[in-house]
Amino acid sequence: SSHLDSQRMHDAPPRIMATVAAPEAKDNGSPEKQGTFDAAESDRGCGSSASSSRSASLESSPGRDDNRAGATPAASSTADPAQASAAPTGTGMPRPQLSGAALDTPNDLPGCIVSPVAAGVSVAELPPAGGETPRHSGPEETLPKEADGDRAGSWENWPRTELPRLQPQASQVLRVFCGIWNLHGKQAPADLNPWVPAYPKHHIYAIGTCECERSIEKSMIWSSKARWEQQVRNHLGDDFFMIGSHNMSAIHVMVFVHRYIWRYCWDIRTGQVATGFRNTMGNKGGTQVGFSIGRTSILFVNAHLAAHADKMKERTQNLTRILTDSPLRRTKTSCGVHDDYDRVFFMGDLNARVNATRSTVETWLERREYERCLEADQLRPLLRADPAPAVAGGKDAAGAGLWPLFQEADIKFPPTFKFDVNSDRYDTSKKQRVPSWTDRILWEHDRDIKSVSYGSVPSMQCSDHRPVYAQFEVSVNLDNWEGTGQLVKEKTKEKSAVCVLQ
């Protein structure tokens with residue numbers, strides 16, 4: 001379900017009103033539809049949706065930003081608030097009052113949930129970005145001394161003071177953190193800082209897990225990740241709130257944003273695509289959170305793809321289904337949901353293996369010859385294949401599917417699977433699995449996404465996987481952004497509209 005944690009002010013804040021503008025498809029603008037609802041009336045728990053959850057979806061025009069297609073995104077439509085998930089507040093946080101559109105929406109796209117909150121927040125009713133007083137005062141915040149040594153791979157330490165504030169201008173740069181961990185049915189450690197850093201801060205945290213707290217089998221019966229979401233909320237603190245999360249069996253994704261950018265967030269949607277048995281079981285598949293920041297739309301996908309070394313073809317098919325069958329797709333003419341969003345991140349336990357013998361890989365690893373291991377990696381040649389067939393939406397002879405649309409930072413850390421639990425030894429069971437980089441973070445080719453770090457955390461050993469993280473600098477377009485109502489004005493600037501009720 002989608003969630004929105006209301007921010008806490010030291011002084012009692014005014015009740016914040018949000019307006020949702022809902023024009024029709026971009027070919028023919030329409031007058032604004034309005035309605036009201038009060039999110040404060042409903043106070044559900046913070047748990048994400050169970051594997052069987054379904055909600056109405058929307059059909060609205062895609063909004064590729066100026067950097068990708070030169071188009072201004074259409075304003076958001078929202079689902080019936082009775083069907084959309086209410087956004088829980090963080091502990092002790094006041095819930096803002098919101099008003100928005102209550103539209104009749106189709107119910108033919110299962111697995112999609114659209115948040116009626118955080119859409120079209122009026123900038124005038126929030127504290128000015130440039131003049132906000134930092135929430136915390138005192139000495140400069142520093143990264144814990146032990147954290148850097150716990151990580152394998154580079155780590156970008158930006159200045160550890162307050163995050164850069166954004167201005168309503170084009171080409172604003174966000175700091176984005178992505179993390180993925182298959183927890184093998186275990187709970188995450190109490191201290192998350194070696195993997196999810198509280199400092200340096202990021203504007204956005206996108207955190208994906210597989211098999212968190214419960215095995216796949218148990219998650220098919222009880223899939224709630226409420227405790228896990230609360231743990232991350234407590235870890236990040238009051239400056240962050242979860243704008244969206246989605247859970248399908250044991251596959252979970254959640255997105256937190258810093259208070260500096262809440263005013264720009266709207267059109268929040270979540271969804272799922274199952275690729276398990278007969279494409280109906282949620283033991284494998286992907287969960288998604290999509291939203292817009294100003295004029296730029298962003299999509300995060302967390303996936304758990306088919307297992308076993310000889311199933312790379314099935315994994316490629318899983319990727320295609322997750323992107324093309326997504327309930328978050330806005331148009332049927334696009335090649336997939338990745339065409340409907342400006343910035344796309346795809347991460348998860350992608351289960352890619354190293355095509356070599358166990359003894360050979362162990363020899364390479366002892367010599368720290370990671371590049372030789374990566375030459376046998378199943379995924380890397382697919383990422384480097386000719387992207388032309390994937391862009392055209394056709395099939396390619398090499399069988400690369402949609403992988404060439406994505407890229408990955410250089411891997412300079414050891415394989416993250418499979419370990420004996422609570423040790424740094426690779427699998428000593430009878431299966432003697434070959435060490436592999438199953439856990440990956442990719443992004444769609446985009447000059448406005450800059451990778452600044454990619455690594456794993458060998459010290460966190462409660463699972464047979466190691467957690468993986470990546471940091472990015474992402475450019476977004478906030479040019480003259482004043483809320484979604486402005487999009488309607490721009491769209492209907494040279495048109496007149498009349499509404500007649502009988």
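A polar contact is a pair of N or O atoms within 3.5 Å.

Q: In this predicted model, which residue offers the backbone oxygen that the side chain of Ser-334 reaches at 3.3 Å?
A: Ser-334 sits in the loop that runs between helix 4 (312-324) and strand 10 (343-349). From there its side chain reaches a backbone oxygen at 3.3 Å, and a polar contact requires the pair to lie within 3.5 Å. The residue that carries this backbone oxygen is Thr-331.

Q: With the side chain of which residue does the side chain of Ser-334 make a polar contact?
A: Once neighbours within four places in sequence are left aside, the residues in contact with Ser-334 include Arg-329 and Asp-339. The side-chain to side-chain polar contact of Ser-334, at 3.3 Å, is made with Asp-340.

Q: Is Ser-334 buried or exposed?
A: The relative accessible area of Ser-334 is 14%, and the cut-off for burial is under 20%. Because 14% falls under that cut-off, Ser-334 is classed as buried.

Q: Which class of accessibility does Cys-335 fall into?
A: Cys-373, at 0% relative accessibility, counts as buried. Cys-335 has a relative accessible area of 26%, and the class between 20% and 50% is the one in between buried and exposed. Cys-335 is therefore partly exposed.

Q: How many contacts beyond four places in sequence does the model have for residues 66-109?
A: The protein averages a pLDDT of 76, but pLDDT stays under 50 over residues 66-109. Where pLDDT is low, predicted coordinates should not be read in detail. With that caution, the number of such contacts that the model has for residues 66-109 is 166.

Note on methods
Residues numbered from 1 in each chain as written. Predicted model: local features only at pLDDT ≥ 70, side-chain atom pairs only at ≥ 80, totals over all residues. Heavy atoms only, no water. Buried < 20%, exposed > 50% of the residue type's maximum accessible area, 1.4 Å probe, protein only. Helix = DSSP H or I, 4+ residues; strand = E, 2+ residues; numbered from the N terminus. Polar contact = N/O pair within 3.5 Å; in protein donor to acceptor, adjacent residues only side chain to side chain. Contact = heavy atoms within 4.5 Å. pLDDT = per-residue confidence, 0-100.
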